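Grab a coffee and pull up the viewer. Here are a few exercises to work through, each with a solution to check yourself against.

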Amino acid sequence: MPRAPGAGVVTVRLGRPARQQSMSRLDLEELAEIGTKLQKDEEEAAVLGAGRRPSVVPMAGQDPALSMNHPFYDVARHGILQVAGEDRFGRRIITFSCCRMPPSHELNHRHLLEYLKYTLDQHVESDYTVVYFHYGLNSQNKPSLRWLQSTYKEFDRKYKKNLKALYVVHPTNFIKVLWNVFRPLISHKFGKKVTYFNYLSELREHLKCDQLAIPPEVVRYDEKLQNLHRGRPPPPTKTPPPRPPLPTQQFGVSLQYLKDKNQGELIPPVMRSTVTYLREKGLRTEGLFRRSASVQTVREIQRLYNQGKPVNFDDYRDVHIPAVILKTFLRELPQPLLTFKAYEQILGITSVESSLRVTRCRQILQSLPEHNYAILSYLMGFLHEVSRESIFNKMTSSNLACVFGLNLIWPSQGASSLSALVPLNLFTELLIEYYGKVFSAQDTGGELGAGSAGAGEQGSPVATPPPCRQPLAAAGRAR
């Protein structure tokens, strides 16, 4: 594998030394070497035409939907941190882009740390992956070593336990030296989670990069780096036309295709079989939908479904596997279940008065195609059942919303921004928590049971939901 300057090995494995070293006792030669390596990195970046960041940083990564009332607006507006879809194991991806960091005197690094924890707190109960884009870190915007030490110490086991992978993209001499300095503080177990990627092409082997909000500066740097170290690549060959899906294809095809190939059945076979299995054997499983599964197992089950072969989840002896398959099915739909059209409407849910949010949910769902509505009702009815067993499975409607929000809706271009997670998750939580009110076919005044999605199961038409009566004030508790 070609290496960036000083990149070192691809996967880092560290041992735990017997004696812990304090940052206050760092050898002065190490500090000097860090400064020298960082200066060398900047010089190499200049050779590639990147140069140093300007003293005034353009808000290239700022999310237009970001409110100035955001508790960490001063940090969030730079777009340093993004939550960007899921990896091939179904784990949430969080990206950190150094090129978005302004000069140190313009950024409160303590506030940056609090913002990191604020963001991670929304995801650490489930498995997650962090992608660190190192390009753009320089002498103007790098945080102090003392800050790095305190940051590592503040990220206790709560944050490290479910971090399954830390991908460092475009590592440099500075990273290599810094890693050696922090060696006494980093556990062997954590060190095994760190992997270096010298090029974006290597990252693409592990992640679907079209989900990531990769800064254009990083993309340009990657292109120049490859040209410099590999020589100019040959012109790209024409992409062969996609193969037509199999008649029995279940993943990556439209809902209409599935309906046509399954005798008009509204509920896709993958969703029906996974929901049925989980309803029978998984409702009280702690952490249901939070765990990931082996990518080989997921691909094997997808292949069986796509070939029209039976899948027996008992053979895998892990109730979390059908849960992952259900999320994977939703995530691989060509268009999200809630449709691209509804995306902007859903983002506006937080601006709706709390007592009117359930009514607004119903109004938004009225615009869904009948097929999408039937499937959504079936799924939300099941998730409502799951939430009612939260005393056992720990999966409240809020926790389920954090898992399913980005699997139900995403923008037509790029990935959902970090600030979009709040309205997307709130909308999903309302659908689950107030399932009976949101999906009731008539205003009966009572909450429907979770089995009321049965109309969709039988393939009968789903009535357009009329405006519901005034919901409980707690329905849209302030976020």
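The exercises below go through this predicted model, one feature at a time.

**Exercise 1. Find out how many disulfides the structure holds, and check Cys99.**

Start with what you're after: a disulfide is a covalent bond between the sulfur atoms of two cysteines. To count as one here, the two sulfurs must lie within 2.5 Å. Now look at Cys99: the nearest cysteine sulfur belongs to Cys98 and is 7.8 Å away, so with a cut-off of 2.5 Å Cys99 is in no disulfide. Searching the whole structure gives the count, which is zero. While you're there, check the accessibility: Cys99 is buried at 2%, while Cys402 is partly exposed at 23%.

**Exercise 2. Work out which residues touch the most other members of the largest nonpolar core, and which helix gives the most to it.**

First, the size: this core has 101 residues. Next, the best-connected members: Met271, Phe289, Leu365, Leu376 and Met380 touch the most others. Then the helix: α16, residues 370-388, gives the most, with nine residues. Now zoom in on Met271. Skip the neighbours within four places in sequence, and Met271 is in contact with Leu326, Phe329, Leu330, Ile375, Tyr378 and Leu379. Don't stop there, though: a separate second core has 19 residues, among them Ala84, Val131, Ala165 and Tyr167.

**Exercise 3. Classify the ring pairs Phe251 with Phe329 and Tyr277 with Phe313.**

You need two numbers, since a pair of aromatic rings is described by the distance of the centres and the angle of the planes. There are twelve aromatic pairs in the structure. For Phe251 and Phe329, the centres are 6.0 Å apart and the planes are at 80°. Anything over 60 degrees is edge-to-face, so that's the label for Phe251 and Phe329. Now place the two residues: Phe251 is in the loop between α9 and α10, and Phe329 is in helix α13, so the pair ties together parts 78 residues apart in sequence. Phe251 and Phe329 are both buried.

Tyr277 and Phe313 come out at 5.5 Å between centres and 55° between planes, a tilted pair. Tyr277 sits in helix α11 and Phe313 in the loop between α12 and α13, 36 residues apart. Tyr277 and Phe313 are both buried too.

**Exercise 4. Locate the charged end that sits over the ring of Phe392.**

Go to Arg284: its charged end is 3.9 Å from the centre of the Phe392 ring and sits over that ring.

**Exercise 5. Compare the settings of Thr339 and Lys394, two non-glycine residues with a positive phi.**

The background: most residues other than glycine have a negative phi. Thr339 has a phi of about 70°; for Lys394, phi is near 65°. Next, find them. Thr339 is in the loop between α13 and α14, and Lys394 is in the loop between α17 and α18. Last, accessibility: Thr339 is buried at 8%, but Lys394 is partly exposed at 41%.

**Exercise 6. Check the span of helix α3 and say what covers its buried residues.**

Helix α3 has twelve residues, 109-120, and at 1.5 Å a residue it should span 16 Å. The end C-alpha atoms are 16 Å apart, which agrees. Buried residues in α3 include His109, His111, Leu112 and Tyr115. Among the elements covering the buried residues of α3 are α2, β1, β2, β3, α4 and α5. Tyr115 also turns up in an aromatic cluster with Phe72 and Tyr118.

Note on methods:
Residues are numbered from 1 along each chain as its sequence is written. This is a predicted model: local features need pLDDT of at least 70, side-chain atom pairs count only at pLDDT 80 or more; totals for chains, interfaces and linings use all residues. Side-chain values use heavy atoms; hydrogens and water are left out. Buried means under 20% relative accessible area, exposed over 50%, partly exposed in between (1.4 Å probe, protein chains only). A nonpolar core is a set of buried Ala, Val, Leu, Ile, Met, Phe, Trp, Tyr and Cys residues joined through side-chain atoms within 4.5 Å. Helices (H or I, at least four residues) and strands (E, at least two) are DSSP runs, numbered from the N terminus. Contact means heavy atoms within 4.5 Å. Rings of Phe, Tyr and Trp (its six-membered ring) pair if their centres lie within 6.5 Å; planes under 30 degrees apart count as stacked, over 60 as edge-to-face and the rest as tilted. A charge sits over a ring if NZ of Lys or CZ of Arg is within 6 Å of the ring centre and within 35 degrees of the ring normal. The expected span of a helix is 1.5 Å times one less than its number of residues.
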